[in-house]
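Dear colleague,

Please find below the structure that I am handing over to you, followed by an account of what was found in it.

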Amino acid sequence: MRRLVIALAAVFTFGCGSNPTAAPAPVAPAAVRPYVVDTVATGLRNPWSLAFLPDGAMLVTEKYGTLRLFTPKADRGEPVEGGPVAWQFEDGGLLDVVIDPDFAHSRLLYLSFSEGDSAANHTAVFRARLEGRRLVDGRVIFRASPDKRGAGHPGGRLLFLPDQTLLLTIGDGYDFRDQAQRLNSDLGKVVRLDRDGRPAPGNPFADSAGARPEIYSFGHRNPQGLLIDPRDGTIWEHEHGPKGGDEINHLRPGLNYGWPRTTFGVDYSGELVSTKQTAKGIEPPITVWVPSIAPSGFALYLGHAFPAWSGDFFVGALKERSLHRVRIRDGEVVLQETLLRELKARIRDVRGGPDGLLYLLTDDADGALLRLRPAPTGTLAGRSTAGTS
């Protein structure tokens, strides 16, 4: 295992990531914070997501590849057979992986993926039982509707809630953004399902004529960050804006998050998507990024290895090639810190591990699984060394 010791000065930013309706977040004093970034594995083909198993093993999805199992005794991921047939093109492919709330007994896991072809495809959820290095009794339990053309904006993040229902983010399909406001379409939505893929009881539009009963929230562009705070049950979501306007949102059932009626970004052509950043009946974002950082992956740090980070959020940045630490208190961003720019890596996923450390995936044809931990006492600021272990 290669090890890279990194001691860096934290870069603090404000303004573009602050609450759009409040004063800019204060700038924290610059501080030297040494880190060690362990390279756990390389050679991953555009890894997308990771999940931890109760026995200490990890699962990693490759967008243009397969599902891999990393065991505590082997740092080379072994392919897991029996997964779904994913359409692998541009944004589409094998996406997220989560384990069943009762995984220790059921051995069930859930995978999101793009299914179909360039003419007609959708985001889907596959459920199977993990036996050794093979998935058995696998089947697709949910398919988003309607089908769309092209591979753009599949969404694909999965999250189990404490009531054992499953949230799935679904993007707007890029060319079909107006459907994000239509309740007869899953595009541009977060949906809530039971463990068999059916609309979960109690969804906000279940009794609304013409609405899809699985919809939990709407008005999303391409959401690829989703987590729940176990301390108070708050659900957090982030999503890609167009040219600017990436958002972090407090996710609640039945609310409209605006896209494309409201946005802090513009189209890639430079034309306005909307003249409005906020509007009546639209839930405003907690924070936005202008210009875009292209957020992907989302973690809430509650470990003990980095006490100063307790309760802070971590967001991977694809376009900006960095990791953002975001502190939100009472619904407002009070601090941001940009980390790991020196790696020059597209961060696709970030997760808090059961060991209290942070784990990251880099989005590359030769992608890596990384682990972030405190540097040993005495590491010099600004000094980087590389070695093997």
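Two strands are said to pair if DSSP finds at least two bridges between them, and the strands themselves are DSSP runs of at least two residues, numbered from the N terminus. Please note that this is a predicted model.

**The sheet of strands 4 to 7**

With those terms in place, Val80 in strand 7 is the bridge partner of Leu67. Strand 6, residues 67-70, is joined to strand 7 by 3 bridges, in the antiparallel sense. Both belong to an open sheet of 4 strands, whose order is 4-5-6-7 and whose pairing is antiparallel. At its edges are strand 4 (47-52) and strand 7 (78-80), each of which pairs on one side only. From one strand to the next, the twist averages 30°.

**A buried lysine**

The loop between strand 5 (58-62) and strand 6 holds Lys63. Is Lys63 buried or exposed, and which side chain of opposite charge is nearest? Lys63 is buried and has no salt bridge; the nearest such side chain is that of Asp363, 5.0 Å away. A salt bridge would require a side-chain nitrogen of Lys or Arg within 4 Å of a carboxyl oxygen of Asp or Glu. Beyond its neighbours within four places in sequence, Lys63 is in contact with residues including Arg45, Trp48, Glu90, Asp91 and Arg348.

**The nonpolar cores**

Leu67 appears again in the largest nonpolar core, which has 20 residues; Leu67, Leu111 and Leu135 have the most contacts inside it. Two or more residues of this core come from each of strand 6, strand 8 (94-99), strand 9 (108-116), strand 10 (121-131) and strand 11 (134-143). Strand 10 gives the largest share, 4 residues. Neighbours within four places in sequence aside, the contacts of Leu135 include Leu67 and its bridge partner Val80, and also Leu109, Leu111, Phe126 and Leu130. Another core, of 18 residues, lies apart from this one; among its members are Tyr35, Leu340, Leu358 and Leu372.

**The sheet of strands 16 to 19**

A further open sheet has 4 strands in the order 16-17-18-19, with antiparallel pairing. Strand 16 (222-228) and strand 19 (287-289) are its edge strands, and each pairs on one side only. On average, and with direction ignored, neighbouring strands here are turned by 20° against each other. Strand 18, residues 246-251, runs antiparallel to strand 19 and is joined to it by 3 bridges. Within strand 19, Val288 stands opposite Glu247.

Yours sincerely

Conventions:
Residues are numbered from 1 along each chain as its sequence is written. This is a predicted model: local features need pLDDT of at least 70, side-chain atom pairs count only at pLDDT 80 or more; totals for chains, interfaces and linings use all residues. Side-chain values use heavy atoms; hydrogens and water are left out. Axes are lines fitted to C-alpha atoms, for helices over the stretch in contact, and angles run from 0 to 180 degrees between N-to-C directions. Buried means under 20% relative accessible area, exposed over 50%, partly exposed in between (1.4 Å probe, protein chains only). Lys and Arg count as positive and Asp and Glu as negative; His and the chain ends are not counted. Contact means heavy atoms within 4.5 Å. A nonpolar core is a set of buried Ala, Val, Leu, Ile, Met, Phe, Trp, Tyr and Cys residues joined through side-chain atoms within 4.5 Å.
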